[in-house]
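Please open the model in your viewer and keep the sequence panel beside it. The stops below say what to select next and what is to be found there.

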Amino acid sequence: MIRLAQIDDLEGIMSVIKDAQLRMKEAHMTQWQNNYPNPKVITKDIEDKSLYVYTKDGDIIGTMSVSHMIQFMII
């Protein structure tokens, strides 16, 4: 099930992220190897209601951030 993340999910979300970071490192990928995303970033995404979790049998097995950024250009 996919649902909006809650602050109580932070530990589970970080566990998924740490696992992904390790697998990326083992695959010689540099993405997410610089302490990003970290709990501060994840907390902000939760507060902004832009972070979702994928759960199976009550466990968080995935996460994604969906943001709608609006950019303005002044000419």
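**Glutamine 21 and its surroundings**

Begin by selecting glutamine 21, which is buried, with a relative accessible area of 12%; the model you are looking at is a predicted one. Glutamine 21 belongs to helix α1, and if residues up to four places away in sequence are set aside, its contacts are with Trp32, Gln33, Tyr36 and Pro37. Display the polar atoms as well, since the backbone oxygen of tyrosine 36 lies 3.5 Å from a polar atom of the glutamine 21 side chain.

**The whole chain**

Now zoom out and colour by secondary structure, which shows two helices and three strands, arranged from the N terminus on in the order β-α-α-β-β. Taken along the principal axes, the C-alpha atoms fill a box of roughly 50 × 30 × 20 Å. Of the 75 residues in the chain, 28% are buried. Among contacts between residues at least 6 apart in sequence, 56% join residues that are at least 24 apart.

**The loop between α1 and α2**

Next, follow the chain out of α1 and select asparagine 35, which is found in the loop between α1 and α2. Asparagine 35 is exposed, with a relative accessible area of 52%, and its phi is positive, near 65°, although the residue is not glycine. Proline 37 has its place in the loop between α1 and α2 as well, and the peptide bond that joins tyrosine 36 to proline 37 is cis, with omega at about -5°.

**Helix α2**

Move on to asparagine 38, which caps the N-terminal end of α2 through a side-chain oxygen that lies 3.1 Å from the backbone nitrogen of lysine 40. Which residues of α2 are buried? Select Ile42, Thr43, Asp45 and Ile46 to see them. They lie on the same side of α2, because the arc that they cover around the axis is only 160°. In general, an α-helix has 3.6 residues a turn, so residues three or four places apart point the same way. The buried residues of α2 pack against α1, β2 and β3 (59-65), whereas the face turned away from the buried side carries the exposed residues Lys40 and Glu47. After α2 comes lysine 49, whose phi is positive, near 60°.

**The nonpolar core**

With α2 still in view, select Ala5, Ile13, Met14, Val16, Ile17, Ile42, Ile46, Leu51, Val53 and Ile60, the 10 residues that make up the largest nonpolar core. The elements that each supply at least two residues of this core are α1 (10-26), α2 (39-47) and β2 (51-56), and the largest share, four residues, comes from α1. Centre the view on leucine 51, whose contacts, not counting residues up to four places away in sequence, are with Arg3, Leu4, Ala5, Ile13, Ile42, Asp45, Ile46, Thr63, Met64 and Ser65.

**The largest pocket**

Switch to a surface display and look for the largest pocket, which holds about 160 Å³ of space. Its lining consists of Ile17, Trp32, Tyr36, Pro37, Val41, Ile42, Asp45, Leu51, Thr63, Met64 and Ser65, with α2 and β3 as the elements that give two or more residues to that lining.

**Aspartate 9**

Return to the loop between β1 (2-4) and α1 and select aspartate 9, which has its place there. Is aspartate 9 buried or exposed? At 10% relative accessibility, aspartate 9 counts as buried. Its side chain makes a polar contact, at 2.8 Å, with the side chain of arginine 3. Leaving out residues up to four places away in sequence, aspartate 9 touches Arg3, Leu4, Val53 and Ile60. A C-alpha to C-alpha distance drawn from aspartate 9 to isoleucine 42 comes to 10 Å, for two residues that are 33 apart in sequence.

**The loop between β2 and β3**

For the final stop, select aspartate 57, in the loop between β2 and β3. Phi of aspartate 57 is near 55°, a positive value in a residue other than glycine. At 74% relative accessibility, aspartate 57 counts as exposed, whereas aspartate 9 counts as buried.

Key:
Residues numbered from 1 in each chain as written. Predicted model: local features only at pLDDT ≥ 70, side-chain atom pairs only at ≥ 80, totals over all residues. Heavy atoms only, no water. Core = buried A, V, L, I, M, F, W, Y, C linked by side-chain atoms within 4.5 Å. Buried < 20%, exposed > 50% of the residue type's maximum accessible area, 1.4 Å probe, protein only. Contact = heavy atoms within 4.5 Å. Arc of directions from axis to C-beta. Polar contact = N/O pair within 3.5 Å; in protein donor to acceptor, adjacent residues only side chain to side chain. 1 Å grid on protein atoms, 1.4 Å probe; cavity = no way out; pocket = protein on both sides within 12 Å on 5 of 7 lines; lining within 4 Å. Points joined across faces, edges and corners; volume = space filled by probe spheres on them.
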